[in-house]
Amino acid sequence: MRETAKVGKGDSIQTAKVGKGDSIQTRLIGMVAVTLAVTLLVNLFIYRQISSMVRTIDSVFASNVTISELTEELGLLQGHVYEYLNTKSSEALEEYYRSVQEYHALIEQLNGKRMDSEIKLLEKNIRNMSERYLEIADATVQAKRGRNVERYKELYTRQEDLFHYINMHIEKLNSLQFDRNSRNYQFLLSAMRILELLSLGVIVALYFFCLIFIAVVIRTMIHPLTILSAAATRVADGDFLVNIPAAATGDEIGVVTNTFRQMLESIRAYIERLRTSMESQARMKQNELAMEANLKEAQLKFLQAQINPHFLFNSLNAGAQLAMMEEADGTGEFLEKMADFFRYTIKNTDGSSTLEEEIASVDNYIYILNVRFAGDILYRKQISGEPRNWRMPGMILQPIVENAVTHGIRDMIDRGIITLSVEVEEDQVRVTVSDNGEGMTREQIALVSSGDYHSEQVNGSTGIGLANVRNRLMLYYDQEDLLSIHSDGKGLGTEVTVVLPRVGPAGDAGQEEKSAVPEPDAGQRESAVPEPDAGQE
Amino acid sequence: MRKSYFVAGLFLFAAIVLVSALWILSERSISEIQVQGTGLHVYKRHYMMISDDHSQQWEAIFAAAQEAARETDAAVEWTGQGLAASYGAAECMEIAVAAKPDGIILYQRSGEDLTELIEEASQRQIPVITLLNDSASSRRISYIGLNSYQMGEIYGEEVLRVLDGADGNVLVLLSQSGEGESEGLLYTQMLRRAEQGKAPGQEIRFSTYGINTASSFDAEEDIRDIFVSGGELPEVMICLDPVSTECVKSALVDYNQVGNLSIIGYYASESTLEAVEKGLVTSTLNVDARQIGRLGIEALNEYCESGHVSSYFNVGIEMITQENVESYRKTYGIDRGTGEEDGREKEREKGREEENEEEKAPFAQGGAA
């Protein structure tokens, strides 16, 4: 699998890589921050409303304070002028000047502009009248100081009139303001009520907003976790096929979900691999057993055919030595080849051999046959490439050749020809055994190829049939169709081709020995096995 | 899941709408509270109008002045209004002089002399315009008034029309203090016109009756005296001011003399117009109050801007009779019975009429017998 997490014994578990903006922590903090911010905004809003209301109330009622001060100060001023005119005391004069200053400061606060409001215009009038009043009062005081009795009396009368007018106007201003304020009071009252409602509405709306917002956020966060826990429960129950949708979020839960998905995939893949490997092991085991059985069968058949081969082999050797001593070279050679042939068959019990040994075994077999049948068989051998160290199952070629002799050329009137052709290619060796015998029909070939055909045992043969050869090839190479039979028809001979693929490292192992042995000439060669008596054609 | 989101969204939307509505309501309710000096328009000029006559005519004049002032970015105040004490023109003038507006429009009753105060105003650089009664010797900048000569002509013609060739006594109600030149001129011209225009052999006897118009309630008493004195009533009675017109009209009804004498009134108040329509009052001389108000403001504006203004403005007058009262209403856009005051007056009049009818019936029968 690709990236299965491998946490060693000493490794500490790192924090899952989560996008900064996506982590649950950030989202929770964000959620709380948004909620708090909205709450703060709402509070500020309410605060603003209330403070604007307070300012309004303040500006409405602040004006009345000025008016009462104005009346009071004007009265004092008038009193001081009267007192001064009455007594001419310096205290009264001092008081008068102080009063003038204060009254002046007060009227400074009154409007002096031509504003579009009855109250404001009235203020302007009072202000101007007051200024005129102060001028006249000043003139009165000056006249008194100058002892201009007639003048100050006249001026005082005018001042008194003006005092009266101003008071009347202040009264009017007061009543106008009172009127306005009483009207305003009603508005204020209703405004306060509406403000109350507004605040209540805003707070309730805020509460529900926060509730919904938090619910949505938490739900979004928890939803993948719910899916994951359901999936985990199913996995715990052994259902590895559960399908978990990929997490859309990149937070910790998303990471856990995706990791869980990966883990599940890994487990599934691992189980699959385990299953495949177990299957292949079982198949291999089966193959091995079958091969062993086939080999055993071949050996058994061979042993049945050759009773006590060791004894025979030793006897043949003794015979060969005797022939040497008696200088019967032909007999000696025959016996030697016989011994070689049997030695090979006996030695080759582990099922594995080399192509060279196989070819030698065929050579010996043909030689023996030719001695037996007085050189009836013409044996041709064509080898291209180097077959020496090519590993292959033993006892493959000899049964094929034997088959060609037995079924192909035995009953021929003409001289039978057996051709063994070996082509060593890069990845495989193609071995062809052809004869000029009676050939096979298409049906016969099909029958033999299917493996159902079992010929009757022929006396004197090794008894290993083509079916056995085919099976062993299949088991050895784990590949079918390595043996093919071809015939153009009755009387036109048969050609059996065996393909021996290179067997991985086992094949190579043989190659290593290659350099140790002197390489014979590459190229096609044709050799005839020396025949005892029959001459070369 | 989706449904619950939808419901939540809907709820939030409703909450936002509700809160917004409340907010707008709250803002509006706060803005209804009048706070001093915020966002008020500042006028270019501030004028004061002085008149201790609070009749409909003066209300109309003030309304016209206000309208004209607003059009020319000025404010005009009726001095002395709304105060706890009631002041005459002289006191109001003192107040106005002290308050130092940009201009004063002054109405002084005939016989009053406010020359000194006009002088003081002029010293304080306050231009003064006199209305209807002039103070020619003062330093007022302009006079807006009626042409007494023209008025006499119109009254004389109306007397001829009313008498229609018959002999008759004509009683002219003059203000007691009104031996002033304008009334005298008017009276003389009226006599001259009647003399010139009378039919051969027709005898028209003019007499005057002095009523006290200077103080508030004397006029009414003086007029009632004419009716209760037991003397022979004249064929025609001429009123030269709005108050006496109203008084004569109600006295006529109260003393059951409707139809017995013709009344030529002064000023077209709503009640007088109705009386003309009903034939209670034969005709009334209308002074264009609107023009007076407008002219006052315009003259002050002109003076403030250029430093000088024409010293006399003539105000249009016309005689309103039963024939032309409808067209007069149309021209000036005066609907019947508009205004609260007019409505009340109408009710009052209706009450009087009902009373009269009860009284009138036996009298008519008696007359026939």
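## Salt bridges and surfaces in a predicted two-chain model

A:K120 and A:E123 sit three residues apart in helix α3 (residues 118-145) of chain A, so about one helical turn separates them. Their side chains meet in a salt bridge, with 3.7 Å from N to O. Are these two residues buried or exposed? Both A:K120 and A:E123 turn out to be buried.

Keep in mind that this is a predicted model, so a word on confidence comes before the rest.

**How far to trust chain A**

Chain A has a mean pLDDT of 79, and 84% of its residues reach 70 or more. Which element of chain A has the highest mean pLDDT, and which the lowest? Strand β5 (residues 428-435) of chain A has the highest, at 91, while helix α12 (residues 504-512) of chain A has the lowest, at 43. Two stretches have pLDDT below 50. One is residues 1-13 of chain A, and in the model this stretch makes five contacts beyond near neighbours in sequence. The other is residues 505-537 of chain A, with 53 contacts beyond near neighbours in sequence. Where pLDDT is low, the predicted coordinates shouldn't be read in detail.

**The overall build of chain A**

Chain A contains 12 helices and seven strands. Of its 537 residues, 41% count as buried. Take the contacts in chain A between residues at least 6 apart in sequence: 74% of them join residues at least 24 apart. Chain A exposes about 30,400 Å², with carbon and sulfur atoms supplying 55% of that.

For a local example of nonpolar surface, look at A:L40, A:L41 and A:L44, which make a patch of about 310 Å². A:L40 belongs to helix α1 (residues 24-87) of chain A. A:L40 counts as exposed because its relative accessibility is 52%, and the cut-off is over 50%.

**Cysteines**

How many disulfides does a search of the whole structure find? The count over all chains is zero. As for individual cysteines, A:C210 has 10% relative accessibility and so counts as buried. B:C92 is buried too, with a relative accessible area of 2%.

**Back to the salt bridges**

Side chains of opposite charge can pair when their charged atoms come close. Over all chains, the count comes to 35 salt bridges. Here are three of them:

| Salt bridge | Closest N to O |
|---|---|
| A:K120 with A:E123 | 3.7 Å |
| B:E27 with A:R48 | 3.7 Å |
| B:R294 with B:E298 | 3.7 Å |

The pair of B:E27 and A:R48 crosses between chains: B:E27 is in helix α1 (residues 2-32) of chain B, and A:R48 is in helix α1 of chain A. B:E27 counts as partly exposed, with 31% relative accessibility. A:R48 is partly exposed as well, at 40% relative accessibility.

Why are B:R294 and B:E298 separated by about one helical turn? They're four residues apart in helix α10 (residues 289-306) of chain B, and that spacing is why about one helical turn lies between them. B:R294 is partly exposed, with a relative accessible area of 21%, and B:E298 is partly exposed at 38% relative accessibility.

There is also a network: salt bridges that share partners join A:R132, A:E135, A:R158 and B:E120.

Note on methods:
Residues numbered from 1 in each chain as written. Chains lettered and ligands numbered in written order. Predicted model: local features only at pLDDT ≥ 70, side-chain atom pairs only at ≥ 80, totals over all residues. Heavy atoms only, no water. pLDDT = per-residue confidence, 0-100. Contact = heavy atoms within 4.5 Å. Buried < 20%, exposed > 50% of the residue type's maximum accessible area, 1.4 Å probe, protein only. Areas by Shrake-Rupley, 256 points an atom, 1.4 Å probe, with all protein chains shown as cover. Disulfide = S-S within 2.5 Å. Patch = residues over 30% accessible without salt bridge, like charges linked within 9 Å, V, L, I, M, F, W, Y side chains within 5 Å. Salt bridge = Lys/Arg side-chain N within 4 Å of Asp/Glu carboxyl O.
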